[in-house]
Amino acid sequence: MAGIYIHIPFCKQACHYCDFHFSTSMKKKTAMVEALEKELILRKNEINEPIETIYFGGGTPSVLSVAEINLLIAAVYHHFDVAENPEITLEANPDDLDKEKIIALAQTLVNRLSIGIQSFFEEDLKLMNRAHNAQEAINCLETATQYFSNISIDLIYGIQHMSPEHWKENIATALSFNIPHISSYALTVEPKTALAKFIEKGIIEDVDDALAQQHFNILTETLEKNNFVHYELSNFGKEGFFSKNNTAYWLGKKYLGIGPSAHSFDGNNRSWNINNNSKYIQIITENKLPSEVENLSVTDRYNEAVMTGLRTVWGVSLKKITEDFGENYVAYLLKQAKKYLEKELLIITDEASVKTLKATQKGKFLTDGIASDLFIIDEI
């Protein structure tokens, strides 16, 4: 099974924290949709496995019309072998999801909405320069939950001056809608973003890692009490509602990335498209692919397996590391992991005679840093 990711590089306005590729000008939207359809055709022979997930990411895919969304879904079905009942996700912002749009989307093949709520508080949304307001967040969920059963929302924690009580209220509001999936991320300061410039100039305070960790602990404890499985560092889902698209990434499955800046993975090679809308459209129009390809070394693939595995509930299988990379890699992994095992930040479980390296509850918030310390810099 494989997946297709379609990058929609348009947003109404730039969020202060975002460093993804997008444009706030919609002038090339029609030409972009035509180019996306054409790239799907040009790359139809790259994936021979059934497509079980189609994911519209961005940017803000909900700026597309329903007709444009249907056009791209139809192109996937026409040129690829699509599995029965695939997960088809549309990322959306609350200001795009009025009742008319939600009803229209419910009549398409889209069966999962990923809604960028981020916060239910006006002051947080203004700080982040979100395009929607708090009431729009409430309104869209009230309507969306009537027409879609598979909904995920995004929430951001670690926002400057957000009290634990304030964060608990955000989580409680989300839970009141019986949302089956929540993706939650710490506010991070990416280079060259507006947020980075504001902090550098002293206009707003820097983010506080200790506050973010406190919020993270509140989040994990609250959601697990409400029958959510913390199946990936930033993702919580009720049984049957894990993101199939994202899970495929973490388990190393193949996926095709369509659109400017989109990445693809075929099991051995990673490729990525140019992150310039005009150049992307021009190159696709010439029946060429605007991409670069990197052949992943054994070490690259080992490092990725460690990073993605430690972030998930499934952990890093020592048996699979042995099978895929050899005993030397397992020996290195265990040597590097020793101090984290002693500090009870990592644990080795043994289920059905399969030993697996996992992050403990204590170690989860530190997973990315721990994983990087388990990486191999030079070939073994």
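Is Cys18 buried, exposed or partly exposed, and what is its relative accessible area? Select Cys18: its relative accessible area is 24%, so the residue is partly exposed. (Buried means under 20% relative accessible area, exposed over 50%, and partly exposed in between, with a 1.4 Å probe and protein chains only.)

Before moving on, know that you're looking at a predicted model, where local features need pLDDT of at least 70, side-chain atom pairs count only at pLDDT 80 or more, and totals for chains, interfaces and linings use all residues. Residues are numbered from 1 along each chain as its sequence is written, and side-chain values use heavy atoms, with hydrogens and water left out.

**Stop 1: the cysteines**

Keep Cys18 on screen and add Cys15, which holds the closest cysteine sulfur; at 6.2 Å from the sulfur of Cys18, it is too far for a bond. Now pick Cys140. Its closest cysteine sulfur is also in Cys15, but 15 Å off, again too far for a bond. Cys140 counts as buried because its relative accessibility is 1%. Searching the whole structure turns up zero disulfides (a disulfide being a pair of cysteine sulfur atoms within 2.5 Å).

**Stop 2: helix H5**

Cys140 brings you to H5, so select residues 134-147. (Helices are DSSP runs of H or I with at least four residues, strands are runs of E with at least two, and both are numbered from the N terminus.) The 14 residues of H5 should span 20 Å at 1.5 Å a residue, and the end C-alpha atoms are 21 Å apart, which agrees. (The expected span is 1.5 Å times one less than the number of residues.) Buried along H5 are Ala134, Ala137, Cys140, Leu141, Thr143 and Ala144. Show helix H3 (99-106), strand S4 (112-118), H4 and S5 to see what these buried residues pack against (contact means heavy atoms within 4.5 Å).

**Stop 3: helix H6**

Next, select residues 164-175. This is H6, twelve residues with an expected span of 16 Å, and its end C-alpha atoms are 16 Å apart, in agreement. Colour Pro164, His166, Trp167, Asn170, Ile171, Ala174 and Leu175, which are buried. Their cover includes helix H4 (122-128), strand S5 (151-157), strand S6 (181-186) and helix H8 (209-225).

**Stop 4: aromatic rings**

Stay with Trp167 and add Tyr157, Phe216 and Phe365: ring pairs link these four into a cluster. (Rings of Phe, Tyr and Trp, using its six-membered ring, pair if their centres lie within 6.5 Å; planes under 30 degrees apart count as stacked, over 60 as edge-to-face and the rest as tilted.) By this rule there are twelve aromatic pairs. One of them is Tyr231 with Trp314, edge-to-face at 6.3 Å centre to centre and 65° between the planes. The partners sit 83 residues apart, Tyr231 in strand S7 (residues 229-232) and Trp314 in the loop between helix H11 (298-311) and strand S13 (316-317). Tyr231 is buried at 0% relative accessibility, while Trp314 is partly exposed at 35%.

**Stop 5: the three-stranded sheet**

Now show S13, S15 and S14, which in that order make an open sheet with antiparallel pairing (strands pair if DSSP finds at least two bridges between them). S13 and S14 are the edge strands, each pairing on one side only. Add helix H13 (residues 327-342), which packs on the sheet and touches S13, S14 and S15; its direction makes about 115° with that of S14. (Axes are lines fitted to C-alpha atoms, for helices over the stretch in contact, with angles from 0 to 180 degrees between N-to-C directions.)

Finish by zooming in on S14 (residues 346-351) and S15 (residues 354-359), joined by six bridges. Thr349 is the bridge partner of Thr356, and Asp350 that of Lys355. The two strands form a hairpin with two residues between them, and Ala352 in the turn has a positive phi of about 55°.
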